[in-house]
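User: I have a structure here that I haven't looked at before. Can you walk me through it?

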Amino acid sequence: MRAVLTWRDKAEHCINDIAFKPDGTQLILAAGSRLLVYDTSDGTLLQPLKGHKDTVYCVAYAKDGKRFASGSADKSVIIWTSKLEGILKYTHNDAIQCVSYNPITHQLASCSSSDFGLWSPEQKSVSKHKSSSKIICCSWTNDGQYLALGMFNGIISIRNKNGEEKVKIERPGGSLSPIWSICWNPSREERNDILAVADWGQKVSFYQLSGKQDGVRLGTVGEQNSWVWTCQAKPDSNYVVVGCQDGTISFYQLIFSTVHGLYKDRYAYRDSMTDVIVQHLITEQKVRIKCKELVKKIAIYRNRLAIQLPEKILIYELYSEDLSDMHYRVKEKIIKKFECNLLVVCANHIILCQEKRLQCLSFSGVKEREWQMESLIRYIKVIGGPPGREGLLVGLKNGQILKIFVDNLFAIVLLKQATAVRCLDMSASRKKLAVVDENDTCLVYDIDTKELLFQEPNANSVAWNTQCEDMLCFSGGGYLNIKASTFPVHRQKLQGFVVGYNGSKIFCLHVFSISAVEVPQSAPMYQYLDRKLFKEAYQIACLGVTDTDWRELAMEALEGLDFETAKKAFIRVQDLRYLELISSIEERKKRGETNNDLFLADVFSYQGKFHEAAKLYKRSGHENLALEMYTDLCMFEYAKDFLGSGDPKETKMLITKQADWARNIKEPKAAVEMYISAGEHVKAIEICGDHGWVDMLIDIARKLDKAEREPLLLCATYLKKLDSPGYAAETYLKMGDLKSLVQLHVETQRWDEAFALGEKHPEFKDDIYMPYAQWLAENDRFEEAQKAFHKAGRQREAVQVLEQLTNNAVAESRFNDAAYYYWMLSMQCLDIAQDPAQKDTMLGKFYHFQRLAELYHGYHAIHRHTEDPFSVHRPETLFNISRFLLHSLPKDTPSGISKVKILFTLAKQSKALGAYRLARHAYDKLRGLYIPARFQKSIELGTLTIRAKPFHDSEELVPLCYRCSTNNPLLNNLGNVCINCRQPFIFSASSYDVLHLVEFYLEEGITDEEAISLIDLEVLRPKRDDRQLEIANNSSQILRLVETKDSIGDEDPFTAKLSFEQGGSEFVPVVVSRLVLRSMSRRDVLIKRWPPPLRWQYFRSLLPDASITMCPSCFQMFHSEDYELLVLQHGCCPYCRRCKDDPGP
């Protein structure tokens, strides 16, 4: 630091106080009884101000620059405007010693010998506070919260804005050391306010609100001939004004030299005179090292940092080898005072430069070597090397440049030039040397040959790029200059000095700060590209260029057939398309292709230079590639021009591709016409079909030859989709594809045409009737569906349809329908049983389904009775059905049948008909079952009321066996058979009464045909009074009683056989011989004529006066009157639903 006198003046009286206007343009002095206003730029006295009657002791300017105040021995304070006009005056009881403006609120503190006052523009009066001692000086904190008062008795009183004392500092000197001057640190960057105190005992002390701290003496500003009475620093600048007792005013500029050091990306510089900040220029990290002494010199190298203080040198090192580590620790201390101009640090040494002499010292302070130069040393720099053997680059004033190794006493002269050296740098490979001389010229030498390679003017500093041998930059004249190889200089504006160049970053020192400037290397890269030096251009690009520059480099290298460089550049911009091109070219080169014209043509085609590519393709003999390129790009006119009158095949291919293009750009009709002209009928048909153009499809189909099956088939398919089955059929007929025609009729449900075609071609019947049956089933026409399945020979499907219907009917409680479907299932199984392979299985299913049909047919009445309040069945019928079901139910009750409902109906009807014992038994059985809530009360009431009835059943209800004439109990443990002869009962399918029929069997050897013939031969017997007459018609067999005048009582052979064979514990069937058959009347016999493989069943009526009817379809027996009534009601058999007009089996 050094002080330079800017101007000096002398007043007539002692300078008591000084105040700067906040903008620094004016200086107010308190001299005698006047205020003197000076211009700070040249020391001109602008105006003296008169207002006080006695000596002016103090003056202060408000921070907003609008007012300033002065205090005098005349006990008054005057407020002045910035226009030097007095606007306000107030007084104290004693002489005014000091004034100070609050920097925030602009409140004015004025202090006298006995009190101090606080005034603000908003207040009309001054608030005054008494003081225990004379106040000599005062100062506000930066935030305006506290006012420090310096007392004559050596006490410092700190007050708040209201004048209340908050802190009182009593100094050791007491009244012997009056506080002469006091000031808070004006810096707003400090976290804590620091109070500087100067006392009459010639001591300067520093205080914080938390306690006292020490200050550091930095140096002398200037020597004066008289006692310095006051001094002030110019706001926001490095100027200081000093006022003396003899009236002398001295205006100094303080000049601070730049103390710093740089090594690659680490920059160390002095801050606040006593601190060192190390900055990482890449990561922008900073670390502060507080030395608490004046920092004189700084040197940095790798992991070492040297700081010279007035009495010692500190050596620091990094904690780790990490390149981003910013933590330093003290390695060594050299406690010795050194005088030097330059300081350099190495791995194990420090180098001191003083005038012409260089000294090498170890970290312990021992001098190891010394070099004496011929001239003054102007520049010195460490250029690296092994630890302990580093090299130094030294530039002298006489133009000599030397290289010195710290372990070698002999300096190596690199070269000598005529002008003094200002700055030096060596290239990364140590082959080139850049020098800036005192004439601001940058000179570049070849170190080996000492040859001057080139020189550039207007340079004040220079730096080589550490990552590129041929690049350097230099600054000067407000410009940054970048030079690559021997190319012209690229220039851009930049203030400051270049101190480093690493990759694309240039480190520039401007005033006291250094910054890293990112400089794109586009200009030098393009200079290399202009000369087709692609590899060198790539090296420059790696230092830092934009994506556009990378792409330009890649394209230029590709056109120059430097595929390696182009590949690297395209990888950098992540262009996969060009990388694929380069990869394919490299593969072709490996296979032996060497035609560069062909390679360049591919490159041009990728770049969109199609005509140039076509010319190169033609020149290399690959016209087909040019044609393919044009067609792929839909440039058909260019392709036609290129093709001329060439091969017809290529012309056809070109038309096809043009049609493809028209299709892709949504011009389908044009594409169809082109496809047809090129013979691509399939593609034309696809477009017509996709757009629904039926007329065009018909036209194409009619024009096609019948041998062209693929397009015709496609035409028919689209016509079928577009709901034009007639035209599709026409197309199939043209092709002769009858199977597809059948499928068309089936899919469109044109059954009449399908059946007609099936009659002509029986081989397609399965393809017709199977879908027809499925269609009928889907439309709830199940009987027709079953017939269709039969015709198609699909017995399994027929059975599956009926099984599903049956399950649905049971699930929906349609038990009458369930009985009907089970009967149909049984007959279907009987039909399938004609196959010997399935006979046993199907017969088992037949009997099972017959039994289920009978159960569900009977249960239908029970369900209707319990669910429907209006029942159409007589009590006797419900009674008989309930008994029949209880006797017939297997252990596993079929789905949907409720035993509760059967027993409830039986109990109810038994009670009504007088079968009290049976009713009581039914109620007892119900107690063991789960009863639905809706039956609970009725069953409980019936159980109680039946107790009041006799414990017997009505004899009228007891069933009779017509074979052995045995009365059977109402509940038969054996089931629906006689307890005596075990003869099965035959029930009416409507009333469920036991019919007067007895089944008989034929003797072995008698066939069904013979038995029929024997019965029809009926032997003439004497007449009797009444006879049964069988009336046969198409719908039923009816036995009727015919009364005659005469009758005889000859015994019937069949009746005699019954009486002879009745009785026994096991069932013995009635077997008749030929003789008995001859004696039977055809009118007394009912025959169930089952289809094979079942045998016929024969029944003989034992009561000629009761007429019985058997349905010829389901072979169920009815009382004739009941049957006729039911047929009239329903129009069909109530069991099998055979219409009365249908022919018999």
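Analyst: I'll start with the whole chain and then go through a few parts of it. Keep in mind that this is a predicted model.

User: OK. How many helices and strands does the protein chain have?

Analyst: The protein chain has 30 helices and 59 strands.

User: And what share of the residues is buried?

Analyst: Of the 1145 residues in the protein chain, 49% are buried. As for contacts with a separation of 6 or more, 44% of them link residues 24 or more positions apart.

User: What does UniProt place at residues 49–80?

Analyst: An unreviewed UniProt entry gives the feature "repeat: WD" for that span. In the model, residues 49–80 are 59% strand and 0% helix. The C-alpha atoms at the two ends of the span are 10 Å apart.

User: Let's look at strand 7. Is it largely enclosed or largely open?

Analyst: Strand 7 covers residues 67–72, and 5 of its 6 residues are buried, so the rest of the structure largely encloses it.

User: Which strands does strand 7 pair with?

Analyst: One is strand 6, residues 56–61, which pairs with strand 7 in the antiparallel sense over 5 bridges. There, Tyr 61 has Phe 68 as its bridge partner. Another is strand 8, residues 76–81, also antiparallel to strand 7 and joined to it by 5 bridges. In that pairing Ala 69 stands opposite Ile 79.

User: What about the turns?

Analyst: Strand 6 and strand 7 form a hairpin with 5 residues between the strands, and Gly 65 has a positive phi near 75°. The hairpin of strand 7 and strand 8 has 3 residues between them, with Lys 75 in the turn at a positive phi of about 70°.

User: Moving on. What is strand 19 paired with?

Analyst: Strand 19, residues 194–199, pairs with strand 18, residues 179–184, over 5 bridges in the antiparallel sense. Trp 184 is opposite Leu 195 there. Strand 19 also pairs with strand 20, residues 204–208, over 5 antiparallel bridges, and Ala 198 has Val 204 as its bridge partner.

User: How many residues are between strand 19 and strand 20?

Analyst: There are 4 residues between them in a hairpin, and Gln 202 in the turn has a positive phi of about 65°.

User: Which order do the strands take in the sheet that holds strand 30?

Analyst: The order is 29-30-31-32, in an open sheet of 4 strands with antiparallel pairing.

User: Why does strand 29 have one side without a neighbour?

Analyst: Strand 29 (297–301) is at an edge of the sheet, as is strand 32 (328–334); each has a single partner strand, so one side of each has no neighbour in the sheet. From one strand to the next, the twist averages 20°.

User: And what joins strand 30 to strand 31?

Analyst: Strand 30, residues 304–309, and strand 31, residues 312–318, are antiparallel and joined by 6 bridges. Ile 307 has Leu 314 as its bridge partner in strand 31.

User: Now the helices. How do helix 5 and helix 6 pack?

Analyst: Helix 5 (residues 576–590) and helix 6 (residues 596–607) pack at about 170°, with their axes 11 Å apart. An angle over 145 degrees counts as roughly antiparallel, and the two helices are therefore roughly antiparallel to each other.

User: Which residues make the contact?

Analyst: Helix 5 contributes residues including Tyr 578, Leu 581 and Ile 585, and helix 6 contributes Leu 598, Phe 599 and Val 603, among others. By class, the contact has 7 nonpolar, 1 polar and 4 charged residues.

Note on methods:
Residues are numbered from 1 along each chain as its sequence is written. This is a predicted model: local features need pLDDT of at least 70, side-chain atom pairs count only at pLDDT 80 or more; totals for chains, interfaces and linings use all residues. Side-chain values use heavy atoms; hydrogens and water are left out. Two strands pair if DSSP finds at least two bridges between them. Axes are lines fitted to C-alpha atoms, for helices over the stretch in contact, and angles run from 0 to 180 degrees between N-to-C directions. Angles under 35 degrees count as roughly parallel, over 145 as roughly antiparallel, 65 to 115 as roughly perpendicular and the rest as oblique. Contact means heavy atoms within 4.5 Å. Ala, Val, Leu, Ile, Met, Phe, Trp, Tyr, Cys and Pro count as nonpolar, Asp, Glu, Lys and Arg as charged, and the others, Gly among them, as polar. UniProt positions are given in the numbering used here, feature names are shortened, and annotations may be inferred rather than shown by experiment. Buried means under 20% relative accessible area, exposed over 50%, partly exposed in between (1.4 Å probe, protein chains only).
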